[in-house]
Amino acid sequence: MYSIVVENIYMLVIVTLISVLQNAFFALKVEKECRRVNTNPAAFERVSCANRNCMDSYPTFLAVMWCAGLCLSQAPASFAGVIYLVVRQKYFVGYMGQTSQSTPGYLFGKRILFFLFLMCIVGIFNYLLVRFCSSDYKEYVETITSAASALLLLP
Amino acid sequence: MYSIVVENIYMLVIVTLISVLQNAFFALKVEKECRRVNTNPAAFERVSCANRNCMDSYPTFLAVMWCAGLCLSQAPASFAGVIYLVVRQKYFVGYMGQTSQSTPGYLFGKRILFFLFLMCIVGIFNYLLVRFCSSDYKEYVETITSAASALLLLP
Amino acid sequence: MYSIVVENIYMLVIVTLISVLQNAFFALKVEKECRRVNTNPAAFERVSCANRNCMDSYPTFLAVMWCAGLCLSQAPASFAGVIYLVVRQKYFVGYMGQTSQSTPGYLFGKRILFFLFLMCIVGIFNYLLVRFCSSDYKEYVETITSAASALLLLP
């Protein structure tokens with residue numbers, strides 16, 4: 001039991017751990033700015049807002065990534081997860097550096113979340129096909145998904 | 001391995017996907033109001049607050065729904081999840097439309113979360129009964145739970 | 001299938017349920033202060049801020065605890081989870097009671113999250129060892145982890 005479970009989720013766990021490290025990095029930044037809030041309230045406001053926006057979408061990201069990984073295949077899901085973390089890092093750093101007039105918007109990583117969302121739907125759809133029509137396209141779908149995940153690298 | 005896992009969670013995955021869609025809808029609303037914050041700061045404040053309240057309870061909801069689905073049975077858990085999403089939609093729309101004097105409170109969907117919570121406890125309790133007394137009431141419990149979940153439809 | 005799954009996660013589910021109860025307690029406190037925000041805005045501000053800080057780190061905590069429990073062993077992970085909840089309770093109560101000058105910082109429970117994080121890494125590492133070197137240290141690692149989790153009790 002143990003090995004089979006870990007075999008199917010270990011990549012997802014690794015991406016989750018990286019995201020936790022990133023959360024800790026964000027939290028430390030907020031903590032640091034929180035201590036000198038009196039000298040620079042604008043910077044604290046910005047970093048706190050960036051952190052809150054990142055944290056708002058964190059459960060959504062985790063849920064979609066794990067569902068995609070469990071329903072279809074873990075390699076493309078983890079790959080998309082890593083790219084999402086890179087985008088989030090850029091967003092956070094960009095938010096901190098900018099003046100308040102030109103802050104980036106509330107949303108980020110829409111394309112990656114959409115890709116993971118599609119993966120979930122394809123996985124569920126494939127399961128229903130297997131169950132009711134007993135025709136299994138999982139192999140093809142996995143190959144196509146792995147190839148398609150490379151498209152996320154496009155800027 | 002793959003089919004067995006997906007068979008036991010596919011309804012939960014579908015509800016999770018719907019909730020992700022709803023989150024995206026909320027985020028788009030916030031994004032839209034964020035762009036015209038200068039013309040209507042009160043509306044931005046309201047939609048942002050509604051979104052934050054919804055996002056605050058989102059991890060709790062996901063955790064309870066998945067635990068209930070895994071420990072007892074996925075059909076009533078997903079059904080309760082769908083009703084929770086409907087209540088959340090009503091809450092969000094109500095929050096946006098109201099003036100600030102009559103906004104709905106901080107909490108919503110208490111009854112549904114309580115029902116899911118009870119499902120978890122019953123599931124754990126049943127597991128402990130199976131383990132230590134080797135008496136399995138799972139069939140009865142599942143029937144009762146499915147019937148009881150219809151009570152959530154009461155206004 | 002059902003019994004095997006529940007056997008390996010029931011402690012994690014129990015800790016998750018306790019954390020949900022705690023979230024409900026926090027939310028009720030916020031709701032209560034929200035109703036009398038006009039008479040005591042400072043208290044509402046404090047309780048709302050404490051709640052937000054707790055909720056910000058909640059998905060991270062859940063993700064790390066479940067990964068640690070799935071990858072290595074559920075008993076020490078749940079034990080660390082319970083201690084985290086105690087620390088969080090102390091943090092919340094301390095935040096409410098203090099005046100705004102001496103509020104505790106943004107972060108709490110760093111040591112426990114770090115311990116759970118280490119558990120995940122050890123679990124993944126052990127899995128990779130099993131796979132590529134076919135040498136299984138899981139028994140030793142579990143014993144060491146259980147013993148090490150007692151160290152979290154140190155103040």
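## Close-up views of the predicted model

**View 1. Val93(C) is situated in helix H3 of chain C.** The structure shown here and in the other views is a predicted model. With a relative accessibility of 46%, Val93(C) counts as partly exposed, because that value falls between the 20% limit for buried residues and the 50% limit for exposed ones. A second residue to locate in this view is Ala50(C), which is separated from Val93(C) by 43 residues in sequence. In space, the C-alpha atoms of Val93(C) and Ala50(C) are 8.8 Å apart.

**View 2. Ser78(C) belongs to helix H3 of chain C, which covers residues 74–97.** Is Ser78(C) buried or exposed? Its relative accessibility is 6%, and Ser78(C) therefore counts as buried, since the limit for that class is under 20%. Which residues does Ser78(C) touch, once those up to four places away in sequence are left out? They are Met11(C), Leu12(C) and Val15(C).

**View 3. Chain C and chain B meet through 25 residues of chain C and 25 residues of chain B.** The area buried between chain C and chain B is about 2,200 Å², and carbon and sulfur atoms give 77% of this area. No salt bridges are counted between chain C and chain B; the number is zero. Two residue pairs are in polar contact between these chains, both at pLDDT 80 or more. On the side of chain C that touches chain B, helix H1 (2–35) and helix H2 (41–71) of chain C each supply at least two residues. Which element gives the largest share of that side? It is H1(C), with 17 residues. By class, the residues of chain C on this side comprise 18 nonpolar, four polar and three charged.

**View 4. Chain C is superposed on chain B by a rotation of 120 degrees, with 0.0 Å of shift along the axis.** The RMSD of this superposition is 0.0 Å. A three-fold axis is therefore the relation between chain C and chain B. Which residue of chain C has the C-alpha nearest the axis? That C-alpha belongs to Pro59(C), at 3.6 Å from the axis. Of the interface residues of chain C, only 8% are also interface residues in chain B, so the copies meet through different surfaces.

**View 5. The contact between chain C and chain A takes 24 residues from chain C and 25 residues from chain A.** Between chain C and chain A, an area of about 2,200 Å² is buried, with 77% of it given by carbon and sulfur atoms. The number of salt bridges across this interface is zero. Chain C and chain A have two residue pairs in polar contact, both at pLDDT 80 or more. Which helices of chain C each supply at least two residues of the side that touches chain A? They are H1, H2 and helix H4 (110–133). The residues of chain C on this side divide into 15 nonpolar, five polar and four charged.

**View 6. A turn of 120 degrees, with a shift of 0.0 Å along the axis, lays chain C on chain A.** The RMSD of this superposition is 0.0 Å. In chain C, the C-alpha of Pro59(C) is nearest the axis, at 3.6 Å from it. Why do chain C and chain A meet through different surfaces? Only 8% of the interface residues of chain C are also interface residues in chain A, so different surfaces of the copies are involved.

**View 7. Chain A contains five helices and zero strands.** Read from the N terminus, its elements follow the order α-α-α-α-α. Along the principal axes, the C-alpha atoms of chain A fill a box of roughly 65 × 35 × 25 Å. Chain A has 155 residues, and buried residues make up 50% of them. Among contacts in chain A with a separation of 6 or more, 79% are accounted for by residues 24 or more positions apart.

Definitions and conventions:
Residues are numbered from 1 along each chain as its sequence is written. Chains are lettered from A and ligands numbered from 1 in the order in which they are written. This is a predicted model: local features need pLDDT of at least 70, side-chain atom pairs count only at pLDDT 80 or more; totals for chains, interfaces and linings use all residues. Side-chain values use heavy atoms; hydrogens and water are left out. Contact means heavy atoms within 4.5 Å. Buried area is the accessible area (1.4 Å probe) that two parts lose on being put together, summed over both. A salt bridge is a side-chain nitrogen of Lys or Arg within 4 Å of a carboxyl oxygen of Asp or Glu. A polar contact is a pair of N or O atoms within 3.5 Å; within protein, one must be able to donate a hydrogen and the other to accept it, and residues adjacent in sequence count only if both atoms are side-chain atoms. Helices (H or I, at least four residues) and strands (E, at least two) are DSSP runs, numbered from the N terminus. Ala, Val, Leu, Ile, Met, Phe, Trp, Tyr, Cys and Pro count as nonpolar, Asp, Glu, Lys and Arg as charged, and the others, Gly among them, as polar. Copies are superposed by least squares on the C-alpha atoms of residues with pLDDT of at least 70 in both. Buried means under 20% relative accessible area, exposed over 50%, partly exposed in between (1.4 Å probe, protein chains only).
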